[in-house]
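The following paragraphs lead the reader through one protein structure, from its empty spaces to the domains and sheets around them. Please keep the structure in view while reading.

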Amino acid sequence: MRTQKTCFAGFPTPLQRMPRLSQALAGPRLFVKRDDMTDLAFGGNKSRKLEFLFADAKNKGADVVISTGAVQSNCACMVASAARRLGMKPVLVLVGKEPAVYDGNLLLDKLLSAEIHFIDGYGPHVEDLMNRLAEECRAKGHNPYIIPVGASTPSTVPGYALAMEELVNQFHGIREKIDYVVCACGTGGTQAGLIFGNKLLDVKAKILGASVFASKIDASRTVTQLVNSSAKLLDVDLSIVPEKVSVFDDYIKEGYGILNSEVTDALKIVAETEGILLDPIYTGKAMAMLIDLIHKDYFKKGDNVVFFHTGGLPALFLYRNKLSRA
Ligand SMILES: Cc1ncc(COP(=O)(O)O)c(C=O)c1O
């Protein structure tokens, strides 16, 4: 696989066992891959993807990086952190209203001195604004580079293929085999990369995604498209079909980012049994799915199930009202 990436230190991320959680749930053997401990801001899955985009930005001589996401976007914040790490200026187009008080990722964006533009609603006008800001940069003699929402592009899929390789090596080290991998699925790049790596390395693990906003049909199409276009880009003989992508939309429940009692319970049981903190939007929903699947006897007792902790922790504090009553 021919790829070029810059290095945001922190790999390999730890692989930890969760024996007390397995016991509390009377479930399979549970492991957690601590991608919340990657370097960049408070850590998370975007580091692995951004390594590729920032290598490209550096190669192209960029000195300004423009990206977008929701006001509380984990990705936008990590873009800002990566940009600062490499001596570039971050410019963020954040979808939503400017709050009276900056909190969570937005507070971190501010600390990273990102130039922030708030914009109403998603749509082509977001890209238009990014392009206009890029034009303005060029007019001032700068060289801007645009990173799309979620940093999920065919060129960043190898980030999680390499994470899969990292995981396989860690499992070789403990002489165990991986039966299942569980992750949150948003823009699809994480699950796509894990599937890519799983196929390329012929691991035969089952990769289960918990969609946080898209329907099962849309999410599996997005993941398929990312895997297949990445394989084409890298000239790798590999392809998948949407029907074979295991992504569940049953756990979106009330909607994206809406904290329900299953997610609160998931956050609490993982914190109480393993001392590990999850976020309410992504990893909390993925853990709620894992717990539900355990309750439904989806796994066998001796299966090894790896939960990818993909970060998102700055958002935890935005839910202080609901969580402090939990
Ligand atoms: C903390 C966290 N976990 C998981 C995801 C989902 O990853 P992906 O967008 O690659 O599907 C995201 C995406 O924003 C995220 O911020």
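How do the residues of the lining of the second largest pocket divide into nonpolar, polar and charged? The model in view is a predicted one, and in it this lining consists of five nonpolar, two polar and three charged residues. The residues concerned are Ile195, Asn198, Lys199, Ala205, Lys206, Ile207, Ile240, Lys244, Val245 and Ser246. They enclose about 220 Å³ of space. Two elements, helix H7 and strand E8 (206-211), each supply at least two residues of this lining. The greatest contribution is that of H7, which gives three residues.

The search for such spaces rests on a simple idea. Rolling a probe the size of a water molecule over the atoms shows where empty space is left.

The largest pocket holds about 690 Å³ of space. Its lining comprises 35 residues, and those nearest the centre of the pocket are Gly69, Ser73, Val149, Gly150 and Thr187. Several elements give two or more residues each to this lining: H2, E3, H3, helix H5 (124-139), strand E7 (180-185) and helix H7 (189-200). Among these contributions, the largest share is that of H5, with five residues. Sorted by class, the lining of the largest pocket contains 15 nonpolar, 17 polar and three charged residues.

The whole structure also contains one cavity of 30 Å³ or more. The volume of this largest cavity is about 60 Å³. Residues that line the cavity include Ala41, Phe42, Gly43, Gly44, Asn45 and Lys46, together with Asn74, Met78 and Asn105. Thr310, Gly312 and Pro314 also belong to its lining. By class, four residues of the cavity lining are nonpolar, seven are polar and one is charged.

Attention may now turn to the domains. The domain assignment of the protein chain gives domain 1, made of residues 15-44 + 156-324, and domain 2, made of residues 62-151. The centres of domain 1 and domain 2, taken over C-alpha atoms, are separated by 27 Å. In the contact between them, domain 1 takes part with 15 residues and domain 2 with 14 residues. From which domains does the lining of the largest pocket draw at least three residues? Both domain 1 and domain 2 supply at least three residues to the lining of the largest pocket. The lining of the largest cavity likewise draws at least three residues from each of domain 1 and domain 2.

The sheets come next. Strands of a sheet pair through backbone hydrogen bonds, either parallel or antiparallel.

One open sheet has four strands in the order E5-E4-E3-E6, and the pairing is parallel. Why is one side of strand E5 (115-119) and of strand E6 (144-147) left without a neighbour in the sheet? Both stand at the edges and each has a single partner strand, so one side of each has no neighbour there. From one strand to the next, the twist of this sheet averages 20°. Five bridges join strand E4 (residues 89-95) to E5 in the parallel sense. In this pair, Val93 stands opposite His117 in E5.

Helices pack on this four-stranded sheet as well. Helix H2 (residues 46-59) touches strand E3 (64-70) and E6, and the direction of H2 makes about 160° with that of E6. Helix H3 (residues 74-85) lies across E3, E4 and E6, and runs at about 170° to E4.

The other open sheet is formed by six strands, with the order E1-E2-E10-E7-E8-E9 and mixed pairing. At its edges are strand E1 (15-17) and strand E9 (246-248), each of which pairs on one side only. The twist in this six-stranded sheet averages 25° from one strand to the next. Strands E7 and E8 run parallel and are joined by six bridges. Val181 stands opposite Ile207 in E8, and Ile207 is also one of the residues that line the second largest pocket. Helix H10 (residues 283-295) lies across strand E2 (29-34), E7, E8, E9 and strand E10 (304-309), with a direction at about 165° to E10.

Note on methods
Residues numbered from 1 in each chain as written. Predicted model: local features only at pLDDT ≥ 70, side-chain atom pairs only at ≥ 80, totals over all residues. Heavy atoms only, no water. Pairing = 2+ DSSP bridges. Axes fitted to C-alpha atoms, helices over the stretch in contact; angles between N-to-C directions. Contact = heavy atoms within 4.5 Å. 1 Å grid on protein atoms, 1.4 Å probe; cavity = no way out; pocket = protein on both sides within 12 Å on 5 of 7 lines; lining within 4 Å. Points joined across faces, edges and corners; volume = space filled by probe spheres on them. Nonpolar A, V, L, I, M, F, W, Y, C, P; charged D, E, K, R; others polar. Domains from an automatic or database assignment.
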